[in-house]
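Me: I am new to this structure and would like a close look at one part of it, with the surroundings explained as you go. Please take your time and connect the pieces for me.

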Protein chains: 4
Amino acid sequence: MSSHTHQFRVRYSETDQMQTFYNSRALEWFEVGRTELSRAMGVSYAEWEHRGIRLPLIEAHVYFTGRAKYDDLLEMTTSIHREGRARIRFENRIVQADGSGDVAHGSTVHAMLGTDGRPVRAPDWVVELLNKE
Amino acid sequence: MSSHTHQFRVRYSETDQMQTFYNSRALEWFEVGRTELSRAMGVSYAEWEHRGIRLPLIEAHVYFTGRAKYDDLLEMTTSIHREGRARIRFENRIVQADGSGDVAHGSTVHAMLGTDGRPVRAPDWVVELLNKE
Amino acid sequence: MSSHTHQFRVRYSETDQMQTFYNSRALEWFEVGRTELSRAMGVSYAEWEHRGIRLPLIEAHVYFTGRAKYDDLLEMTTSIHREGRARIRFENRIVQADGSGDVAHGSTVHAMLGTDGRPVRAPDWVVELLNKE
Amino acid sequence: MSSHTHQFRVRYSETDQMQTFYNSRALEWFEVGRTELSRAMGVSYAEWEHRGIRLPLIEAHVYFTGRAKYDDLLEMTTSIHREGRARIRFENRIVQADGSGDVAHGSTVHAMLGTDGRPVRAPDWVVELLNKE
């Protein structure tokens, strides 16, 4: 299993009138986590497409466990997992970077499609990525 | 169970480079569904707060089942359900208004908190709303 | 000059921690105004592209003149104007639908490009649209 | 005049169906620029409010001068300027970090209000910030 951690700040545009981040922002942050994990693994998200694999999102699950205010420094850990033969699951966990509490966690499930839009089994280079420590 | 259906169009700002709506928009649309259902039930979302009940979102689940392009006319049905004693669940289903296909469905789970931020049991007027046909 | 007015509500996702709409939402609303004006004029925005004209945005100007809270019903008027030979300008004005005050107004300037990405003069059907009462 | 430069990447959620960033994202990025400039100047945006100064946005202007794709590394320079006696103007310029081209530039004008919501003249610590090299 590969995983990656990076930090980011809550933008003003991501707050709502409850003074915390608006719920859908979690899914936007999860996407940033997938992007940064892919880069850290050596195969950028864009590169997946160049190699003929698309990963459309088919499920998303988010659990909201704490608050985060404008400009709070957050830390997100993202990991990638095999889900059956033609799917991939990313898991994300977001906490306050200063250790003061959990913010949100969840997962997204993606189909693995070839250039013809049909499900494909993971090619060798993907299997290798998924088996990396 | 109360439910409500309304129509809306995909905004240009909601598309992404895959030519379909970006995934997090589904959660923004679900929120519009809760707002419109509340209005249709006779108690606006803002009114819930005036009556001392807050409904923070604690879980969100989305299943992406089809595409929707810029300016597509979509139809969303939202229903409200009791979930245990101090929680409420909203379910949303979005389809192409012309009947050409499913787009997304899912649910959000909300705590029911009083003005002191503590879980409360549903007051009578909420029970009544939940039992409405 | 053609113009079009339509109503919409402020979404919860569009608020920020100041309890009013976040500033960038005005540009998203302006886009909805352009879409609805185009539809009202009989040539949908998507149809412009089918006819070989693209309208990339090159300038945007917004003046924030009042507040708007979650679920407020707003009314936006959008008009279209010629700007020199190969440009179009849309103007938008947003007010509270109940007449209680101004919210924002502004304009966007768009290049008029052909399928080859080069500036084009307005074809006859565009001139006709622009001259409509 | 104080200015600050920082780098960031285009998020997938910020793209639209034209494969470039959606126009309103520029205003969200400008806000990040104001936040980072404030931090670099030693007085966080939140701190302004604690010291009794609010800076509501009253005008925004954006010029779109180039494209930026998903995951492009961009560089934004933000500077702060006095605008008359009770206003502040921030200017932002965004370019491709690899020097390959301009992306967007613009400015936002902010009122300077006291805790009572009325315009105030810049207090000494603000004047000092504005005069910093």
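How many salt bridges does a search of the whole structure find over all chains? I would like the close look to be at the place where chain B and chain A meet.

Reply: Please keep in mind throughout that this is a predicted model. A search of the whole structure finds 40 salt bridges over all chains, and 2 of these are counted between chain B and chain A, the part you asked about.

It helps to begin with chain A on its own. Chain A has 3 helices and 5 strands, and read along the sequence these elements follow the pattern β-α-α-β-β-β-β-α. The radius of gyration of chain A is 16 Å, close to the 14 Å that the globule rule gives for 133 residues, so chain A is as compact as a globular protein of that length. Taken along the principal axes, the C-alpha atoms of chain A fill a box of roughly 45 × 30 × 25 Å. Of its 133 residues, 56% count as buried, and among the contacts in chain A between residues at least 6 apart in sequence, 68% join residues at least 24 apart.

Now to the interface itself. Here 19 residues from chain B are in contact with 19 residues from chain A, and the two chains bury about 1,700 Å² between them, with 52% of that area on carbon and sulfur atoms. The count of residue pairs in polar contact between chain B and chain A, with both residues at pLDDT 80 or more, is 9. On the side of chain B that touches chain A, the elements that give two or more residues are helix 1 (25-41) and strand 2 (57-64) of chain B. Strand 2 of chain B gives the most to that side, with 8 residues. By class, the residues on that side of chain B divide into 9 nonpolar, 3 polar and 7 charged.

Charged residues deserve a closer look at this point. Side chains of opposite charge can pair when their charged atoms come close. One such pair crosses from one chain to the other, since the side chains of Glu28(B) and Arg25(A) meet in a salt bridge at 3.6 Å, N to O. Within chain B, Glu31(B) forms a salt bridge with Arg34(B), and the closest N and O atoms of that pair are 3.2 Å apart. Because Glu31(B) and Arg34(B) are 3 residues apart in helix 1 of chain B, about one helical turn separates them. Both Glu31(B) and Arg34(B) are buried. Beyond single pairs, salt bridges that share partners join Arg25(A), Glu28(A), Arg25(B) and Glu28(B) into one network.

Glu31(B) and Arg34(B) also lead us to a residue on the other side of the interface, Asn23(A), which is in contact with both of them. Asn23(A) has its place in the loop between strand 1 (2-9) and helix 1 (25-41) of chain A. At 9% relative accessibility, Asn23(A) counts as buried, the cut-off being under 20%. Leaving aside its neighbours within four places in sequence, Asn23(A) touches Phe64(A) in its own chain and, in chain B, Leu27(B), Glu31(B), Arg34(B) and Leu57(B).

For a salt bridge inside chain A, you can turn to Arg89(A) and Glu83(A), whose side chains meet at 2.6 Å, N to O. Glu83(A) is partly exposed, with a relative accessible area of 29%.

Another interface of chain A can be set beside the one with chain B. In that second interface, 10 residues of chain C are in contact with 10 residues of chain A, and the two chains bury about 1,100 Å² between them, 47% of it on carbon and sulfur atoms. Across the interface of chain C and chain A the rule finds 0 salt bridges, whereas it finds 8 residue pairs in polar contact, both at pLDDT 80 or more. The side of chain C that touches chain A has 4 nonpolar, 4 polar and 2 charged residues.

To return to your part, the picture is of chain B and chain A joined with 2 salt bridges and 9 residue pairs in polar contact, both at pLDDT 80 or more.

Definitions and conventions. Residues are numbered from 1 along each chain as its sequence is written. Chains are lettered from A and ligands numbered from 1 in the order in which they are written. This is a predicted model: local features need pLDDT of at least 70, side-chain atom pairs count only at pLDDT 80 or more; totals for chains, interfaces and linings use all residues. Side-chain values use heavy atoms; hydrogens and water are left out. Contact means heavy atoms within 4.5 Å. Buried area is the accessible area (1.4 Å probe) that two parts lose on being put together, summed over both. A salt bridge is a side-chain nitrogen of Lys or Arg within 4 Å of a carboxyl oxygen of Asp or Glu. A polar contact is a pair of N or O atoms within 3.5 Å; within protein, one must be able to donate a hydrogen and the other to accept it, and residues adjacent in sequence count only if both atoms are side-chain atoms. Ala, Val, Leu, Ile, Met, Phe, Trp, Tyr, Cys and Pro count as nonpolar, Asp, Glu, Lys and Arg as charged, and the others, Gly among them, as polar. Helices (H or I, at least four residues) and strands (E, at least two) are DSSP runs, numbered from the N terminus. The radius of gyration is taken over C-alpha atoms; the globule rule is 2.2 Å times the number of residues to the power 0.38. Buried means under 20% relative accessible area, exposed over 50%, partly exposed in between (1.4 Å probe, protein chains only).
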